[in-house]
Every structure is written in structure tokens, then in C-alpha cells.
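Subject: Structure handover

Hello,

Here is the structure for you to take over. Please look through it with the notes below.

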Amino acid sequence: PVSQELLQVWSVAIKAHTGHGVRALFLYGKPSLEVLTRSVPTGGFSSLVELHLSLFHVEYIDLQYAYESFAHMPKLEYFNTAFSYARSPDTGTSARSLRPAPRRRLARLDFQLAIETPEANEHGRVELEAVADLLHVVDLSTLRELRVSYNFSHAVPFQLTALSSNLRILRLSVPAPLFPSFPAALTSMLADLPNLVALDVEICRSNFGRD
């Protein structure tokens, strides 16, 4: 339930064009995301260059709300998100079915996908949906640095690197169960990244309970 204090914060944010002049914003948890999504349509945080968002123990729709806020951030260049989930998104919740928005041209992207429970291992589709919906609101043609942490399929970094031909730095966190197929996947990725000068690969112990 939404507290009266949070409702008061929303009211002030909407009336005062919260965040005027702020270039970097760090948000943690769903309540802070709700403040952001309610204030940006009225001019709040329009000067943001960097958005750092940590969403843990939330629904997939919350990540979609963050994507929608990009339409109101004309100066955004760096998006850093850590998103953890316990199940797959419900059918029909894709942000791509919502109103179209201007695509932001990012220079840096840090995209960390984590799962909260062993049961979430059955729901790898959420990662592909998260990337597909992201690509609906961002343009990666100017991307210079990319970090991706994923759990189920090399298709996740493939979707991003395929649209990032100007990439200079690539950082990948790969789960150990996918390592046997990783060398071939990496070779294919690098073939489409002629400007790459730095590569950082981390092999994690497992899909769940990564170390």
C-alpha cells in the first residue's frame, strides 16, 4: 500500500519539476521508481544524463515503467539497471504494445538480470522480453560501453551487440552452465564488433545464487 508520505512526495515532485538540473540519479526499489514515473511526464528529471536503477523483488511491469520514462529524458546517455525477478512476465504485458516513444541514443548500458528463486529457472523468457522491450525505447548505434549479466541464453547479449557496431568496451557475466557454448557465441559476437578494444568476461558459478 502507498503511504501518505509517499503521496505527498509525488505531489511536490509533480508541482516543482523535481530534479531540474540533476544529471545523475540513483534509485533503489519500487517506491523510488514510482516517484520517477509520476514526475517525469511533467518535466521532472529532464536533465538526466545517467539513470541508475536497482529493482529487486519486483514484477516485470516495473521494469517496463522505467523504460517508458525514457521518453521524457532527452539527454539520457547512460542507463544502469539491476533487475531481479521470480517469475516470467504475464502474457500481454509487453511495453511494445503501449504508446510509441522517442528512442534514446545511449553511450553506455549496464544491464544486469538476476533471478531470485530456483523456480525462476523455468522462466528464461523474461530476459528476452526485457531486452526486446528495451530495444523498443533505445537506439544502440552510438553505444560505446556495454555490460550484460544474464542467466539463460546467449541470445541476450547477441540482441544487444548486434545493434552496437560502434562498441568499444564489452563486459559479460556468463553463468557456468552456459560456458560450453560460450566460446562459439563470443566468436560470433566479436565478428560484428570491429571497433572493440576491451573485453571483460566473468564466468559465474551458476544461474541461481551467483557468486
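The notes go from the whole chain to one loop residue and then to the salt bridges.

Overall. Please keep in mind that this is a predicted model. The chain has 211 residues, and 45% of them count as buried. Its secondary structure consists of 6 helices and 9 strands. If you take the contacts between residues at least 6 apart in sequence, 84% of them join residues at least 24 apart. The exposed area of the chain is about 10,200 Å², of which carbon and sulfur atoms supply 56%.

S46. This residue sits in the loop between helix 2 (30-39) and strand 2 (50-55). S46 is partly exposed, because its relative accessible area is 29%, and the range for that class lies between 20% and 50%. Leaving out residues up to four places away in sequence, S46 touches H72, P74 and K75. On the other side of S46 in sequence, H20 is 26 residues away along the chain, and the two C-alpha atoms are separated by 6.9 Å.

Salt bridges. Side chains of opposite charge can pair when their charged atoms come close. A search of the whole structure gives 6 salt bridges. Three of the pairs are described here.

- D139 and R105 meet through their side chains, at 3.6 Å from N to O. The pair links distant parts of the chain, with D139 in strand 6 (residues 138-139) and R105 in strand 4 (residues 104-105), 34 residues apart. D139 has 18% relative accessibility and therefore counts as buried, the cut-off being under 20%.

- D110 and R147 form a salt bridge whose closest N and O atoms are 3.5 Å apart. Here D110 belongs to strand 5 (residues 108-115) and R147 to strand 7 (residues 145-149), with their positions 37 residues apart in a link across distant parts of the chain. D110 is buried at 8% relative accessibility, whereas R147 is partly exposed at 31%.

- R171 and E145 form a salt bridge, with 3.4 Å between the closest N and O atoms. This pair also links distant parts of the chain: R171 lies in strand 8 (residues 169-175) and E145 in strand 7, 26 residues apart. R171 is partly exposed, with a relative accessible area of 31%.

Which residues are linked with E145 and R171 in a network of salt bridges? The other members of that network are R108 and D200.

Regards

Notes:
Residues are numbered from 1 along each chain as its sequence is written. This is a predicted model: local features need pLDDT of at least 70, side-chain atom pairs count only at pLDDT 80 or more; totals for chains, interfaces and linings use all residues. Side-chain values use heavy atoms; hydrogens and water are left out. Helices (H or I, at least four residues) and strands (E, at least two) are DSSP runs, numbered from the N terminus. Buried means under 20% relative accessible area, exposed over 50%, partly exposed in between (1.4 Å probe, protein chains only). Contact means heavy atoms within 4.5 Å. Accessible areas come from the Shrake-Rupley method with a 1.4 Å probe; for residues, only the protein chains shown count as cover. A salt bridge is a side-chain nitrogen of Lys or Arg within 4 Å of a carboxyl oxygen of Asp or Glu.
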